[in-house]
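Here are some notes to read beside the structure, written for a colleague who is meeting it here. Each point takes up one part of the fold.

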Amino acid sequence: MSSDTICALATAVGGALGVIRVSGPDALTLADGLFRSRSGRTLSASPTHRVYYGELVDCSGQVIDDVLASVFRGPHSYTGEDSVEFSCHGSRYVLRAILEALIHQGCRQAEPGEYTQRAFLNGKMDLSQAEAVADLIASTNQATHRMAMSQLRGRFSSALGELREQLLHLTSLLELELDFSDHEDLEFADRSELRSLSHHVNDHISHLMQTFRAGKAMKEGIPVAIVGKTNVGKSTLLNRLLHDDKAIVSDIHGTTRDVIEDVTVIRGVCFRFIDTAGLRETTDTIEQLGINRSYEKLASASIVIWLFDAVPTPSEREEMGRRCEGKALLPVFNKVDRGEESLWDGVLPISAKFGQGMEELEERLYALADLPELTENDVIVTNARHYSALAAAQSDIQRVCEGMDMGLSGDLLSEDLRSCIHHLAEIVGGEITPDETLGKIFKDFCVGK
């Protein structure tokens, strides 16, 4: 792969300007075949990190556009290779013409994520940082941006690296003992130190794994189901929360027959609201399917807004409490503009139609999400691959702890320690990373990254 020189559009189509990136061993010489600098300077003779103004022509010599050419010589580039970036006008025709000229000149169209994959393979970043590039591009709010920046700057990698180095040190001492196995009383690895470190590693991994729930919720959006009987104002509430007429509002019972989902940001955190079909007894087959889906979405939500416009009966309260066991349940009384009824403690009175009580509703939702306040220095696990590797590493280190309590020999302890190190290393990548893993990680990247 790295022997090819690749090109791709690095910006979204439709803007005033576009950037086309060229990277690879022949990037500068291939670009020279199309670029005419106003200064007469060739890109292949240019020092790194220089910008030149000139014309970019096609293979017949016809001018395509006036461009700025930025030169980045490896290893001081994003990919670690020689690279050129052409800044041009954002016309679809201009962008297509430049790419066609570069391909005709000898470049290859880049695959999705190939630039970042080359950066990883050339040691410019580890695998978790490479994955953070995609998360940063996809970030839609302050929380996801901060998590991506923390990972991109190597906070997660650094935390894992410290644990890995400590485990490597003790593993080397345990394996040294094997070379002197004929001396049964000889121990290079202090067992009390090993026990203490093993518990420390286990606690640290447990802490990282516990952050996954919050990290996943912030990355994908905290799922909030809006449930209640028909015609209590669920769709009106959804539209009010989204500040958009997403759902049809009608006085006719059973208008919402399917699940409607959309997201909004509250205090920098993404919430994914789910408007469900009204809960009632019905003989309508289609409506019943929607009600069944409502219960499914209720089961998968982290927070449930139980909306009603009349005081529920004790049996209704009992049933909703049972269905929402283990979830954050927020009872909300709607239509207070028509006259508030007596309610029990904890019920929030609102008017979805007129916006009354909406600020307090958003405050309560944020509080119920129970998310940590993030800075760019915090380490939060957001990636399912990372969580899986941490779970495997924790299983290994727990066997080490149990093995020491049982008085197992160093060779058996060493096996589990090496396995723990292996699983931690899987997160940041390296020689152990199989091609199929890289393929899965980079296949969803955009082409220009």
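1. Where is the place of His49? In this predicted model, His49 belongs to the loop between strand E3 (35-37) and strand E4 (50-57). Its backbone deserves a look, since His49 has a positive phi of about 60° although it is not a glycine. Most residues other than glycine have a negative phi, and most peptide bonds are trans. As for its surroundings, His49 has a relative accessibility of 46% and therefore counts as partly exposed, given that the exposed class begins over 50%.

2. A further backbone feature is found at Gly74 and Pro75, which are joined by a cis peptide bond with an omega of about 5°. Pro75 lies in the loop between E5 and E6, two strands that pair with each other in the antiparallel sense over 5 bridges.

3. The strands named so far belong to an open sheet of 7 strands, whose order is E3-E4-E5-E6-E2-E1-E7 and whose pairing is mixed. Its edges are formed by E3 and strand E7 (108-109), each of which pairs on one side only.

4. Within this sheet, strand E6 (residues 83-89) is mostly covered, with 5 of its 7 residues buried. On one side E6 pairs with strand E5 (residues 63-72), where Leu68 has Ser87 of E6 as its bridge partner. E6 also pairs with strand E2 (residues 17-23), in the antiparallel sense and over 7 bridges, and here Val22 stands opposite Val84 in E6.

5. E2 in turn is joined by 4 bridges to strand E1 (residues 6-9), and these two strands run antiparallel; Ile6 has Ser23 in E2 as its bridge partner. Helix H3 (residues 114-121) lies across E1, E2 and E7, and runs at about 135° to E1.

6. Which residues touch the most other members of the largest nonpolar core? Of its 33 residues, they are Leu237, Phe271, Phe273, Ile305, Leu361 and Leu365. The elements that each supply at least two residues of this core include helix H5 (142-152), helix H7 (191-220), helix H8 (234-242), strand E10 (269-275) and helix H11 (358-369). H11 gives the most to this core, with 5 residues. Leaving aside residues up to four places away in sequence, Leu361 touches Leu237, Leu241, Ile305, Leu330, Val332 and Leu348. A second, separate core has 29 residues, among them Val379, Ala389, Leu413 and Ile427.

7. How do the axes of H8 and H11 cross, and within what distance do they come? They cross at roughly 80° and come within 11 Å, and the two helices are therefore roughly perpendicular to each other. Leu237, Arg240 and Leu241 in H8 meet Met358, Leu361 and Glu362 in H11, and of these residues Leu237 and Leu361 have already appeared in the list for the largest nonpolar core.

8. H7 also packs with helix H13 (residues 410-428), at an angle of about 30° and with the axes 13 Å apart. Angles under 35 degrees count as roughly parallel, and H7 and H13 are therefore described as roughly parallel to each other. Their crossing is left-handed. The contact is made by Arg191, Leu194 and Ile205 of H7 together with Gly410, Leu413, Leu417 and Leu424 of H13; Leu413 is also one of the residues in the second core.

Note on methods
Residues are numbered from 1 along each chain as its sequence is written. This is a predicted model: local features need pLDDT of at least 70, side-chain atom pairs count only at pLDDT 80 or more; totals for chains, interfaces and linings use all residues. Side-chain values use heavy atoms; hydrogens and water are left out. Buried means under 20% relative accessible area, exposed over 50%, partly exposed in between (1.4 Å probe, protein chains only). Two strands pair if DSSP finds at least two bridges between them. A nonpolar core is a set of buried Ala, Val, Leu, Ile, Met, Phe, Trp, Tyr and Cys residues joined through side-chain atoms within 4.5 Å. Contact means heavy atoms within 4.5 Å. Axes are lines fitted to C-alpha atoms, for helices over the stretch in contact, and angles run from 0 to 180 degrees between N-to-C directions. Angles under 35 degrees count as roughly parallel, over 145 as roughly antiparallel, 65 to 115 as roughly perpendicular and the rest as oblique. A crossing is left-handed if the near helix is turned anticlockwise from the far one by less than a right angle, and right-handed if clockwise.
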